[in-house]
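Q: Please pick out one part of this structure and take me through it closely, one step at a time. I am new to it, so I would like to see how the pieces connect.

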Amino acid sequence: MGKGIIYILFIILLGGGLIFFLCNKSGDYTSQFSGDTLSVSDSIEGLGTSPLPGFATKYAVIGVDEEIHPAMFSDNTYAAIMVNNDTGECLVAHNAHRRIYPASMTKLMTGIVVCDAIEKGEISLDDVIHISHNISFRDSDAVQSYLDPGDLITVRNLLYALMLSSYNDYCIYLAEAVCGTEEAFVDRMNAKAKEIGATCTHFMNPHGLDDLQHYTTAYDMYLIVNAASEYAIIQDIDSYTTYTYSYSDSYGNTWEDTAEATNQFLVGNVELPSNISIHTWKTGTTGGAGSCLTMKATINGSSYTMMVADSISKADLYECYSIMFNMAE
């Protein structure tokens with residue numbers, strides 16, 4: 001066999017191997033975590049140094065393999081949880097400690113870290129951020145704003161718009177404003193997760209686009225949304241269904257944008273029963289996460305925290321919530 005033919009065969013094999021690797025890499029990126037169930041003891045063992053006194057009585061503790069009413073959710077959800085915050089009773093637990101992609105539910109922690117920085121005086125809501133560079137995402141479905149280099153926008157408007165409309169680039173602009181780099185900000189996110197007991201969570205970015213090392217659990221999201229609900233700024237943000245704000249460009253022109261809540265209950269696309277009021281919430285959608293929604297709400301005068309990561313569709317996600325609403329006492 002001539003050297004030329006051997007060389008051609010080598011190129012073909014090399015190309016085939018590269019294609020196989022990229023296909024598998026892409027499959028890993030968009031696939032749901034299949035069986036990484038994390039031990040609840042990871043959360044409980046660290047309570048000696050946790051700044052959460054009375055953790056065991058304040059929060060529900062769910063066993064590692066505990067399933068509560070799974071038949072209502074197992075066919076169409078990656079994970080689900082529902083807890084009565086007043087009694088500590090868990091009404092729904094399905095894959096509560098299994099790793100899932102958090103998608104834009106990640107932004108609850110982004111908001112928490114920004115609020116912490118505001119409370120420490122490191123930054124203020126009225127600080128003006130100069131947009132110095134473009135941000136691009138490899139995910140074509142990533143929600144992004146219209147900001148360009150040279151634009152000026154306040155921290156308030158970045159934070160409110162990202163929490164309501166889930167602009168991914170706003171997360172990075174805020175991360176850089178608070179910590180200088182996105183990486184340093186993510187370190188704070190991970191430290192905060194451990195501080196509140198969400199020890200089975202790991203963040204790789206502030207926006208929530210899928211990454212194999214970016215994960216949470218239904219139980220940890222229960223802890224995170226409850227922690228977020230304690231911040232007055234986040235409470236104020238979640239009182240809006242739309243938020244109209246302005247920013248200026250490098251020529252001094254003023255532009256307006258309206259951020260609209262992605263929670264379909266709040267914008268009226270899905271009917272919300274009159275006995276329910278929603279307080280703290282965040283949606284999320286990626287190829288790996290499916291359609292997600294976590295929220296804290298009052299139902300018949302009692303406080304509940306819920307989270308569903310649905311594997312089918314957004315419509316099915318809200319059907320799951322309807323089931324949960326009917327389980328409230």
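A: A good place to begin is the side of D116, which counts as buried because its relative accessibility is 15%, and the limit for that class is under 20%. The model is a predicted one, and every value here is computed from it. K192 falls in the buried class too, with a relative accessibility of 12%. These two residues are partners, for the side chains of K192 and D116 form a salt bridge with an N to O distance of 3.1 Å. Since K192 belongs to helix α7, which covers residues 182–195, and D116 to helix α4, which covers residues 107–119, the contact ties together parts of the chain that lie 76 residues apart in sequence.

K192 has another partner besides D116, because the side chain of E195 also meets that of K192 in a salt bridge, again given as 3.1 Å from N to O. Here the setting is a local one: E195 and K192 are both in helix α7, three residues apart, which is about one turn of the helix. E195 is partly exposed, with a relative accessible area of 36%, whereas K192, at 12%, is buried. Taken together, the salt bridges with shared partners join D116, K192 and E195 into one network.

Helix α7 takes part in a further contact through R188, whose side chain meets that of E122 in a salt bridge of 2.8 Å, N to O. This pair also links distant parts of the chain, as R188 sits in helix α7 and E122 in the loop between α4 and β3 (128–130), 66 residues away in sequence. Both ends of the R188–E122 contact are partly exposed: R188 has a relative accessible area of 28%, and E122 has one of 42%.

It may help to set these contacts side by side. The structure holds four salt bridges, and those described here include the one between K192 and D116, the one between E195 and K192 and the one between R188 and E122. On the 3D view, a reader could start at K192 in helix α7, cross to D116 in helix α4, come back to K192 and go on to E195 within helix α7, and then turn to R188 in helix α7 and to E122 in the loop between α4 and β3.

Methods
Residues numbered from 1 in each chain as written. Predicted model: local features only at pLDDT ≥ 70, side-chain atom pairs only at ≥ 80, totals over all residues. Heavy atoms only, no water. Helix = DSSP H or I, 4+ residues; strand = E, 2+ residues; numbered from the N terminus. Buried < 20%, exposed > 50% of the residue type's maximum accessible area, 1.4 Å probe, protein only.
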